[in-house]
Each structure stands twice: as structure tokens, then as C-alpha cells.
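Here are a few exercises to work through with the viewer open. Try each task before reading its solution.

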Amino acid sequence: MSALEIAQLVLRVALAAAFIGMGILHFLPKGRRTMQAMIPPRLRMKPPLDPHGLVVISGLAEIAGGIGLLMPWDWVRIAAGIGLVLLLIAVFPANAYAATRPEKFGTLAVPHLPRLIGQIVLVALVVAASLPLTA
């Protein structure tokens, strides 16, 4: 195994742990309530796409994506990476909404530009972790 393959494996495991951990937080009462409150009013719909449903769906997607990054098959890791990138794009409006309400969300209210930069970096890391290396 080359140094690049080892680095990618370490990145994959770290991202998988982060996404699985965040996904689990979606199902803990305090985390679920906070995440539901972060959903902007314009995205609040009827079940199953109400805030509760969206938090459950995004939590399951994070867990599945994290597990997918750990799979030995390239096609599964690529699919997981695509899914996680789409998820990061989909949840950005909730993060942006929270950024405008620091009195309600405290440290979760990361200002827009740092949050956007963070999301872009995270997308790049997911892509780097999920694409097969060619020798």
C-alpha cells in the first residue's frame, strides 16, 4: 500500500467517523431539536418533509454515507461520496439560517463565509476520500 493510499484510507476513516457521529446526533433528543429548529421556515413542509422528517432523512443519509466510505468496493465509495456531497449542499440552507440567529444557536451560528468555506473544504475532502486512486 502506497503512502497516498494510506493517507486516503486515514481520511476515509476520519470522515466516516465524523459523518456517522453526526448522523447519530440527529437521533438524540437535544441534537434533533436543535437541528429541527435550524430548518428555515421556507423549507418547512408537511410530513414526511417536515423538520422532524428532514432531520431523520439527513441523519440516515450521513450514517449511510459514512458507512459507504468504509466499504471495499470502489463503486460503493463513489456512490457514498456523491451522496455525501449532495447532502452537504442540501443542508447548507439550514446552516445559513442558523448563522443569522446567533442568539438562538450560539456556536452553531457560524457566519456565512466561514461556513461556506468549510462546506467547500468538506466537499473536497469527501471527493478525495471517495474517488479511486490510479497508479
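Helices here are DSSP runs of at least four residues and strands are runs of at least two, both numbered from the N terminus. Keep in mind that the model is predicted.

**Exercise 1. The overall fold**

Task: Work out how many helices and strands the protein chain has, and what pattern they follow along the sequence.

Solution:
- Start with the count: the protein chain has 6 helices and 0 strands.
- Now read along the sequence, and you get α-α-α-α-α-α.
- For the outer dimensions, the C-alpha atoms fill a box of roughly 50 × 30 × 20 Å along the principal axes.
- Next, check the radius of gyration. A compact globule of 135 residues would come out near 14 Å, and the protein chain has 16 Å, so the two agree.
- As for contacts with a separation of 6 or more, 63% of them are between residues 24 or more positions apart.

**Exercise 2. Surface and charge**

Task: Describe what the protein chain exposes, and say how its charged side chains are split.

Solution:
- The protein chain exposes about 7900 Å², and carbon and sulfur atoms supply 76% of that.
- Of the 135 residues, 35% count as buried.
- On the charge side, there are 11 positive and 5 negative side chains.
- The centres of those two sets lie 12 Å apart.

**Exercise 3. The nonpolar cores**

Task: Find the largest nonpolar core and say which helix gives the most to this core.

Solution:
- A bit of background helps: in soluble globular proteins, nonpolar side chains tend to be buried together.
- The largest core in this model has 11 residues, including Leu-15, Phe-19, Leu-69, Leu-84, Leu-88 and Val-126.
- Helix 1 (3-25), helix 4 and helix 6 each supply at least two residues of this core.
- Helix 4 gives the most, with 5 residues.
- Now zoom in on Val-126. Beyond its neighbours within four places in sequence, Val-126 is in contact with Leu-15, Phe-19, Gly-81, Leu-84, Val-85 and Leu-88.
- Apart from this core lies another one, of 6 residues, among them Ala-37, Met-38, Ala-94 and Phe-105.

**Exercise 4. Along helix 6**

Task: Is each of Gln-119, Val-123 and Leu-116 buried or partly exposed?

Solution:
- You need the cut-offs for this one: under 20% relative accessible area is buried, over 50% is exposed, and in between is partly exposed.
- Gln-119 is in helix 6 (residues 112-130). Its relative accessibility is 11%, so Gln-119 counts as buried.
- Setting aside neighbours within four places in sequence, Gln-119 is in contact with Leu-88, Val-91, Phe-92 and Asn-95.
- Val-123 is in helix 6 too. With a relative accessible area of 21%, Val-123 is partly exposed.
- With the same neighbours left out, Val-123 is in contact with Val-85 and Leu-88.
- Leu-116 also has its place in helix 6. At 38% relative accessibility, Leu-116 counts as partly exposed.
- For a distance check, put Leu-116 against Ile-89: they are 27 residues apart in sequence, and their C-alpha atoms are 9.9 Å apart.

**Exercise 5. A residue on helix 4**

Task: Is Ala-90 buried or exposed?

Solution:
- First place the residue: Ala-90 is found in helix 4 (residues 74-99).
- Its relative accessibility is 51%, so Ala-90 counts as exposed.
- Then try a distance: Ala-90 and Ala-3 are 87 residues apart along the chain, with 33 Å between their C-alpha atoms.

**Exercise 6. Two loops**

Task: Find which peptide bond is cis, then say what Leu-108 touches.

Solution:
- The bond from Pro-47 to Pro-48 is cis, with omega near 10°.
- Pro-48 is found in the loop between helix 2 (29-37) and helix 3 (51-69).
- Leu-108 is found in the loop between helix 5 (102-105) and helix 6.
- With a relative accessible area of 38%, Leu-108 is partly exposed.
- Not counting residues up to four places away in sequence, Leu-108 touches Thr-34, Met-38, Ala-98 and Arg-115.
- Finally, compare sequence and space: Leu-108 and Ala-128 are 20 residues apart in sequence and 26 Å apart, C-alpha to C-alpha.

Key:
Residues are numbered from 1 along each chain as its sequence is written. This is a predicted model: local features need pLDDT of at least 70, side-chain atom pairs count only at pLDDT 80 or more; totals for chains, interfaces and linings use all residues. Side-chain values use heavy atoms; hydrogens and water are left out. The radius of gyration is taken over C-alpha atoms; the globule rule is 2.2 Å times the number of residues to the power 0.38. Buried means under 20% relative accessible area, exposed over 50%, partly exposed in between (1.4 Å probe, protein chains only). Contact means heavy atoms within 4.5 Å. Accessible areas come from the Shrake-Rupley method with a 1.4 Å probe; for residues, only the protein chains shown count as cover. Lys and Arg count as positive and Asp and Glu as negative; His and the chain ends are not counted. The place of a charge is taken as NZ of Lys, CZ of Arg, CG of Asp or CD of Glu. A nonpolar core is a set of buried Ala, Val, Leu, Ile, Met, Phe, Trp, Tyr and Cys residues joined through side-chain atoms within 4.5 Å.
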